[in-house]
Amino acid sequence: KFANYGFNRSHSVVYAIFTCRMAYLKAHYPEEFYASILSNASLNEFNNTVSEIKALKINLKCPDINKSGVKFILENKNIVFPLSSVKGISGVTVNNILSERQSGPFLDLFDFVIRMSKYRFNDIQLKNLIDAGAFDSIEPSRASLRGNIANALIYAEAVLDDKGLLAIDPTFLPKPTISKIEDNYLDNLNREFNVLGLMVSGSPLDAYKQKIKELGAIKLNQIENTNNNVKIVGIIKSIKRITTKSNKQMAFVTVYDDTSEKEFTIFPSAYEKSSTLLSKDNIVIIDGYYQFAKREFNVNSIVKMEAK
């Protein structure tokens, strides 16, 4: 009887029409559909949607200092992350960047720092944008950009007054050249994960895709949707070893993949078999059982992923 008033016919009609419209958009305009969903999704919905997008082989791109704005946009069928998705970059800061960009694109790191100085833009925000890949279209080497932040700030201080206005004609004080520093792929991805909440430009597990598929392994962000034995493939981020009251060794291991990160408790029985494998940056296969009722994951074993 509750359905007579709790979910009446008008509700049914509206939801049916809405479902058909969304299904049409998802089928014929998937990139636009998902860009809109991501711009308005909660955290849990966001992660699930990203996994769905990757499964459909729709490309996600890192934010771009000269293209991105407040919401997700499309560029040649690629979904581009907004500047607002970067840790430490507020809506006000994004609006300041967009306002400054109206006078022309940012040419390089030094040009960006000079033009953004009047907005009290700081080095932490700058580093986060670099780590997020927002300057990749200007300078592909993130390590080089990070290594030149101090030089850019010093240069800006030399040519600007206290109000952030040009005090010296830059032609009299040429911009320094960016000193090149070799990039570390894994370090770049870890930093990207820290500021975006996921890896967008790639994954350390890309080279193992086929083996992961053969194992039937699931993503870290899918664990809580299971209630049985599963395998997970991830990279060890940190290890905390402790000794129990019974003088046995165990550990808390944080593992991440391109969707999430999670801390696992390795009890003595499993630790004894896998202690030599527990090293930072090792790619491991974790076999275990997720207890849905207790929201706990019990690790049965850990083995190192062999080279592809």
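**Close-ups of a predicted model**

**View 1. The largest nonpolar core and its busiest members.** Of the 44 residues in this core, the ones that touch the most other members are Ile65, Ile79, Ile97, Phe112, Leu126, Leu129 and Phe135. Keep in mind that this is a predicted model. Several helices chip in: helix 3 (30-40), helix 4 (43-55), helix 5, helix 6, helix 7 (123-131), helix 9 (149-159) and helix 10 (185-196) each give two or more residues. Helix 6 supplies the largest share, with six residues.

**View 2. Phe112 and its contacts.** Setting aside neighbours within four places in sequence, phenylalanine 112 is in contact with Ile65, Ile97, Phe106, Phe121, Leu126, Leu129 and Phe135.

**View 3. Helix 5 against helix 6.** Here helix 5 (residues 91-101) packs on helix 6 (residues 109-116) at an angle of about 110°, and their axes are 11 Å apart. Angles of 65 to 115 degrees count as roughly perpendicular, so that's what we call this pair. Asn96, Ile97, Glu100 and Arg101 make the contact from helix 5, meeting Phe112, Arg115 and Met116 of helix 6. Sort those contact residues by type and you get three nonpolar, one polar and three charged.

**View 4. The hairpin of strands 7 and 8.** Strand 7 (residues 283-291) pairs with strand 8 (residues 296-304) in the antiparallel sense, over eight bridges. Take glycine 288 as a landmark: its bridge partner in strand 8 is valine 299. Four residues sit between the strands, and in this hairpin arginine 295 takes a positive phi near 55°.

**View 5. A second core.** Separate from the largest core, this one has 20 residues, among them Ile218, Tyr271, Val284 and Ile302.

Methods:
Residues numbered from 1 in each chain as written. Predicted model: local features only at pLDDT ≥ 70, side-chain atom pairs only at ≥ 80, totals over all residues. Heavy atoms only, no water. Axes fitted to C-alpha atoms, helices over the stretch in contact; angles between N-to-C directions. Parallel < 35°, antiparallel > 145°, perpendicular 65-115°, else oblique. Contact = heavy atoms within 4.5 Å. Nonpolar A, V, L, I, M, F, W, Y, C, P; charged D, E, K, R; others polar. Pairing = 2+ DSSP bridges. Core = buried A, V, L, I, M, F, W, Y, C linked by side-chain atoms within 4.5 Å. Buried < 20%, exposed > 50% of the residue type's maximum accessible area, 1.4 Å probe, protein only.
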